[in-house]
Structure formats: C-alpha cells, structure tokens
Amino acid sequence: MILDKFSLKDKVAVVTGANTGLGQGISVALAQAGAKVCGAARRSCEDTAKKIEDFGGEFKEIIADLSDRKSVDILLSEALEAYGRVDILVNNAGMILREDSVNVSDEYWYKVIELNQNTVFFLCREFGKHFISQGGGKIINIASMLSFQGGIRVASYCASKSAVAGLTKALANEWAKYNINVNAIAPGYMATNNTSQLRSDEDRSEAIIERIPAGRWGTPEDIAGAAVFLSSEASSYINGFTLAVDGGWLAR
Ligand code: NAP
C-alpha cells in the first residue's frame, strides 16, 4: 500500500546539525516515520534526543566538528557501531556569514566553503561507498534559495549552496544505478538561528514576508514531509532533484 512506502521502519539515518533548527525538525520527522537517528553537531543534541525519546523513538548523539576532516569517518563508524547499518544521510549542517564581498577575508570564505561544500562532498563520498556495498541508500543535501539566486552580502554561502545543487545532480547521475537516490531540499526563509539576524531587522523581515506567497516564515516542521519522502521508498525514482520548500518564494 502506498503509505507503507513512506515508512522508515528499520532504517537508520544520520543527520548533521541535529541539535536545533531544520536538522532537529528533520531528525524528529525521520524518527516519527520509524527510523533510528544518529544526530551530529558540535554541541549536545539532548533537546532533539528528548523530543524523539518522548514518543519512543531512538536517537544517538555524535559530537563532531564537521569542519574537521576526521569527523567524516567518525560519523559513519559511530553510526555503524550503534546500529549496524546506515540507510539515509542528511547533510544539513551549514553556516552563513553576511558581509559585503569586498570585506570577506580568505579565512571567512574558506570556513563557509569547508563546512557547506567540502564536508558535504566528503560525507557523500564515504557514505556513498557504504551504500554501494550495501545495495542502496538515500542522500539528502540541504541546499537553499541561494542554490538558485544570488542573495545579498552572502557570496560564500551562495557559492557553496549552488555547489550543493550541482553536486547533488553529479552524484545522482553516478549512483542511481546502485539504487542510491541523491536529492536536495532547498528551504526558503525559515525561522531558525541561521536567519535570526535577518528576522531581527524589522524592515528586512517585513520585505521578505511580503515576497513569500504563503505570507510567513517557514518552520522546521515545514520541511518534515519532504525529508521523509526523499528518505523513503516512495521517492525511489527521483534522482538529482532539488525540491524547494519555500512557501512559493521561487514561483514569484
Ligand atoms: P542553524 O539553526 O544555524 O543550525 C545549524 C546546525 O548546524 C546546528 O545544529 C549546528 O550545531 C550545526 N553546525 C554548524 N557548524 C557545524 C560544524 N562545524 N560541525 C557540526 N555541526 C555544525 O541553521 P538552520 O537554519 O537549521 O540550517 C540548517 C541548514 O539549512 C543549513 O545548511 C542552512 O544553510 C540551510 N538553510 C537554512 C535556511 C533558513 O532559512 N534557516 C534556508 C535555506 C537553507 P552546532 O553549532 O552545535 O555545531
């Protein structure tokens, strides 16, 4: 039956940036759909663990700084040690730095590119090897409106998120034959720490809401359905697609 294809029962998911915001929303949603979730971040994920354990779900925290290359191997090995397999990787951890491009230092540029782009590729590569040997898997990369648009004062973020959309297509082409679906979700303007600076600027926040056909900021719950769908068997013939969850922002 069709709803059974959305179930993640007996699946194991690794979600990066799982202690707050969209990563927390995705972790809770995958767990509600039946997956055991390993959530990674530099700080504790206890809030996410509690939300999941409250309804009887399973969550394992992995403390790791994903700007450090060694963390890539740690994520896979700890998830395998905990649950014996991994079926789903959600590359959600990311950062944004807002600055006029003429003032962006080399250090700031590399910091954003390292986490948002390089780590995403290295995680895809290592989990991809595992998925090939296992006979399949699902990868969801978190992209952005700035995978499609230029934004304002966010050159490094825009470059990295455009790379995420391209990488998603490139890997999907290579790995579809191994029963691996690589797709992306492009959230619109969501109320999380990532956008607190924008939301605290009343004029800017109002201008953004005015441009969103749905007339409001999105929430972590808003991307839950897309995350479960792209993690599940229901999406097995979807490859290399970046799905916007944006209240209509791109349609405008
Ligand atoms: P957020 O609230 O700032 O959360 C970022 C998450 O990433 C946190 O869990 C953070 O945990 C983790 N993280 C950051 N640096 C890390 C590192 N070096 N190693 C490990 N974990 C790290 O942001 P969000 O809004 O939920 O964003 C999640 C994703 O969605 C990002 O990729 C973002 O670019 C994307 N996105 C957001 C929006 C939006 O409107 N909010 C729109 C489009 C795309 P720790 O700090 O504890 O490490």
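**View 1. I74 is partly exposed, with a relative accessible area of 34%.** This is a predicted model, like the views that follow. The 34% of I74 is neither under 20% nor over 50%, so the residue counts as partly exposed. I74 belongs to helix 3, which covers residues 70-83. A64 is the partner to look for in this view. Along the chain, I74 and A64 are 10 residues apart. In space, their C-alpha atoms are separated by 7.9 Å.

**View 2. The ligand sits in the largest pocket.** A shell of 30 residues surrounds the ligand. The closest are N19, R42, N92, Y157 and T192. Helix 1, residues 21-32, supplies at least two residues of this shell. Helix 5, residues 155-175, also supplies at least two.

**View 3. Polar side-chain atoms of D65, S67 and K161 lie a few ångströms from the ligand.** Begin with the nitrogen atoms of the ligand. One nitrogen atom is 2.9 Å from an N or O atom in the side chain of D65. For the side chain of S67, the distance from an N or O atom to a ligand nitrogen is 3.4 Å. K161 is paired with an oxygen atom of the ligand instead. Here a polar side-chain atom of K161 lies at 2.8 Å. How much of the ligand's accessible area does the protein cover? On its own, the ligand has 880 Å² of accessible area, and the protein covers 94% of this.

**View 4. V12 is a buried residue of strand 1.** The strand runs over residues 12-16. V12 has a relative accessible area of 2%. That value is under 20%, so V12 is buried. Which residues does V12 touch, apart from its neighbours within four places in sequence? The contacts are K36, Y83, R85, V86, D87 and I88. F59 gives a further point of reference. V12 and F59 are 47 residues apart along the chain, and 9.9 Å separates their C-alpha atoms.

**View 5. N91 is buried in strand 4.** Strand 4 covers residues 88-91. The relative accessibility of N91 is 3%, which is under 20%, so N91 counts as buried. Which side chain makes a polar contact with the side chain of N91? The partner is the side chain of N141, at 2.9 Å. N141 is also in the contact list of N91, which leaves aside neighbours within four places in sequence. That list includes I139, I140 and I142 too. T16, V120, L123 and C124 complete it.

**View 6. D10 and R153 have positive phi values, and neither is a glycine.** Take D10 to begin with. Its phi is about 70 degrees. D10 lies in the segment before strand 1. Is D10 buried or exposed? Its relative accessibility is 53%, which is over 50%, so D10 counts as exposed. Turn now to R153. Its phi is near 65 degrees. R153 is found in the loop between strand 5, residues 137-142, and helix 5. At 37% relative accessibility, R153 counts as partly exposed.

**View 7. T219 lies in a loop between two helices.** Helix 7, residues 202-211, is on one side of the loop in sequence, and helix 8, residues 224-231, is on the other. T219 has a relative accessibility of 26%, between the limits of 20% and 50%, so T219 counts as partly exposed. The view pairs T219 with S144. How many residues apart are T219 and S144 in sequence? The separation is 75 residues. From C-alpha to C-alpha, T219 and S144 are 14 Å apart in space.

Definitions and conventions:
Residues are numbered from 1 along each chain as its sequence is written. This is a predicted model: local features need pLDDT of at least 70, side-chain atom pairs count only at pLDDT 80 or more; totals for chains, interfaces and linings use all residues. Side-chain values use heavy atoms; hydrogens and water are left out. Helices (H or I, at least four residues) and strands (E, at least two) are DSSP runs, numbered from the N terminus. Buried means under 20% relative accessible area, exposed over 50%, partly exposed in between (1.4 Å probe, protein chains only). Contact means heavy atoms within 4.5 Å. A residue is near a molecule or strand if one of its heavy atoms lies within 4 Å of it. A polar contact is a pair of N or O atoms within 3.5 Å; within protein, one must be able to donate a hydrogen and the other to accept it, and residues adjacent in sequence count only if both atoms are side-chain atoms. Accessible areas come from the Shrake-Rupley method with a 1.4 Å probe; for residues, only the protein chains shown count as cover. On a 1 Å grid over the protein atoms alone, a cavity is a set of points where a 1.4 Å probe fits but cannot get out, and a pocket is an open set with protein on both sides within 12 Å along at least five of seven lines; lining residues have an atom within 4 Å of a point. A molecule sits in a cavity or pocket if more than half of its atoms lie within 2 Å of its grid points.
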